Every structure is written in C-alpha cells, then in structure tokens.
Amino acid sequence: MPFPHEDVLAPSQRAAIRWEIAIVLGLSLGQAAVYSILTLVQRLAAPTPLGKQSTALNQSQSPVPWLDVTYQLLDIVFSLMAVALAIYLLWRPGRSGFRRIGLDLTRPGRDLAGGAVLFLGIGIPGIALYAVGRLAGITVSVQASPLDTAWWTVPVLILSAVRSGLQEEVIMVGYLFTRLKQLGWGSWTMIVASALVRGSYHLYQGIGPFFGNFAMGVVFGWAYRRWGRTAPLVVAHTLLDTASFVGYPLAVALWPGVFK
C-alpha cells in the first residue's frame, strides 16, 4: 500500500494547519523535545562527565503501592489524550482518523509481521549503538525500569510501552506526515524532519540516543511511506519498549558495565 494520498491545501488554508501542528506538538512530543534539549544542556554543563550520569524511566511515583499504580495508570491515560486529539483532528466525513493513518484491524497479520521485522531490524542495532555510546561517554546510563517490582509492575510497563508506541508513531508519523503532505512537503523532507524531532526528544539520554532515534525515525518514516500504515510501526515500537522495560533487570545482570 503506497503512502496515503492527501490533497495539497490552498495557501489560504495552510496557516490554520500550521497552527494546528504547533498546538499538537506543543502539547505532546514537541514540548518533550524542548525540555530534552534543555536537559542535555544542563547535563553538559555539569561537572560530572555525560557518560557518568544516569536517568531513570518508569519511576515509582508514590511509596504507597495502590497510589503508585494509580498514578502510573493515570499518567498513561492522560498522556494518550494528545494521541486522541491527533486522531480526532484527522477525522473527516466517511473516513475515520484511525483508517486515515492505517491504525485499524483491516490487515492484522501483515501489520504484526511488518512490526516484527522492524523490531528485529531496529532492536539489535539499537542495543549495539547504546553500548557504543556508553563506552564512548556520550550516552548516559538509562535505567529503563525499577528493579524492585510489585505484582502489577510488568503489566504497567507493557502499558507504558504501548503508550510510547502510540504517542510517537501516531503523532510523529501518522498525524504529522498527513498534515505536512497537505502543506505540500515532499516525502523525504517529512521523513527527515520527523526523525529530527524524534531524536531531539531523546536528547535527555545523551548524544548517542539522538542519532539512534533519528535513524529509527528515518526507517519508520520510510516504512510508512511504503506501507501507508502506522499499525506495524506501533507494533514494532511497543515490542522495542517492552523488551527494554521488562528486560532491563536481566540486561543489568548480564552486562552490568553497560547498563549501570
């Protein structure tokens, strides 16, 4: 399935779409990119070398277990509101926002297979790039999940991985590509621009993850251009983050020098 066709808007209609893009990104991953850039500046200005610093994902939000899981679930739900907004804005008579970006169940087998291929193609090089970045001192130590687990930890980590997959692939690919195409952008210009933003909101992890996520954005953008569907991208991203979040304690045990 080719890249979805979108009619280029008239010049008089483009200003509203530009404002819409700015608002959606400002409420979601564009905001994350700005804070991430500032975090990197702060890290580089710190006396501790970048390679000696660390960051933690999926941290506990309360010492009280039931409050912790409640906060975690609410964080996932509310962060998905920007995804819901993007899909809603793409809705048009006779065609839902889900169908417009290929986030539906019309091709479950192909979507799962495509997602698995992307997962294998991105996952192994991603781990290698992280290890190289740690050894080169340009990537901070990323603690992907808590080591002290409760019964609900793994399910919440999986839901967090699904959240990340939906956030990044729906907003940065499905929504953004649709709107940029309506503004008359070329395919590879869209792919590179989206990949740059994707790399930017990972800068809090250091310089290495910027390049790794930029490359991931290029590959995922190319896949969307070829398949015209975000579903396999969401599958691949969810698998990548699930492997990172749930497999983190095992990775620490096997390669303590890289992951600590």
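**Close-up 1. Gly137, just after helix α6 in this predicted model.** Directly following α6, Gly137 adopts a positive phi of about 80 degrees. The helix that precedes Gly137 covers residues 108-136, 29 residues in total. From first C-alpha to last, α6 reaches 41 Å, close to the 42 Å expected at 1.5 Å a residue.

**Close-up 2. The buried residues of α6.** Here you can pick out several buried glycines, among them Gly114, Gly115, Gly123 and Gly133. Leu118, Ile122 and Tyr130 are buried as well, and so are Asp111 and Arg134.

**Close-up 3. Phe177 and Tyr224, an edge-to-face pair.** The structure holds 4 aromatic pairs, and this view shows one of them. The ring centres of Phe177 and Tyr224 are 5.8 Å apart, with 70 degrees between the planes. Phe177 belongs to helix α7 (residues 153-182) and Tyr224 to helix α9 (residues 207-227), so their pairing ties together parts that are 47 residues apart in sequence. Both Phe177 and Tyr224 are buried.

**Close-up 4. Phe210 and Phe214, a stacked pair within α9.** Have a look at these two rings: they sit 6.5 Å centre to centre, with 15 degrees between the planes. Phe210 and Phe214 are 4 residues apart in helix α9, about one turn. An α-helix has 3.6 residues a turn, so residues three or four places apart point the same way. Phe210 counts as buried because its relative accessibility, 17%, is under the 20% cut-off, whereas Phe214, at 24%, is partly exposed. Together with Phe211, Phe210 and Phe214 make up one aromatic cluster.

Methods:
Residues are numbered from 1 along each chain as its sequence is written. This is a predicted model: local features need pLDDT of at least 70, side-chain atom pairs count only at pLDDT 80 or more; totals for chains, interfaces and linings use all residues. Side-chain values use heavy atoms; hydrogens and water are left out. Helices (H or I, at least four residues) and strands (E, at least two) are DSSP runs, numbered from the N terminus. The expected span of a helix is 1.5 Å times one less than its number of residues. Buried means under 20% relative accessible area, exposed over 50%, partly exposed in between (1.4 Å probe, protein chains only). Rings of Phe, Tyr and Trp (its six-membered ring) pair if their centres lie within 6.5 Å; planes under 30 degrees apart count as stacked, over 60 as edge-to-face and the rest as tilted.
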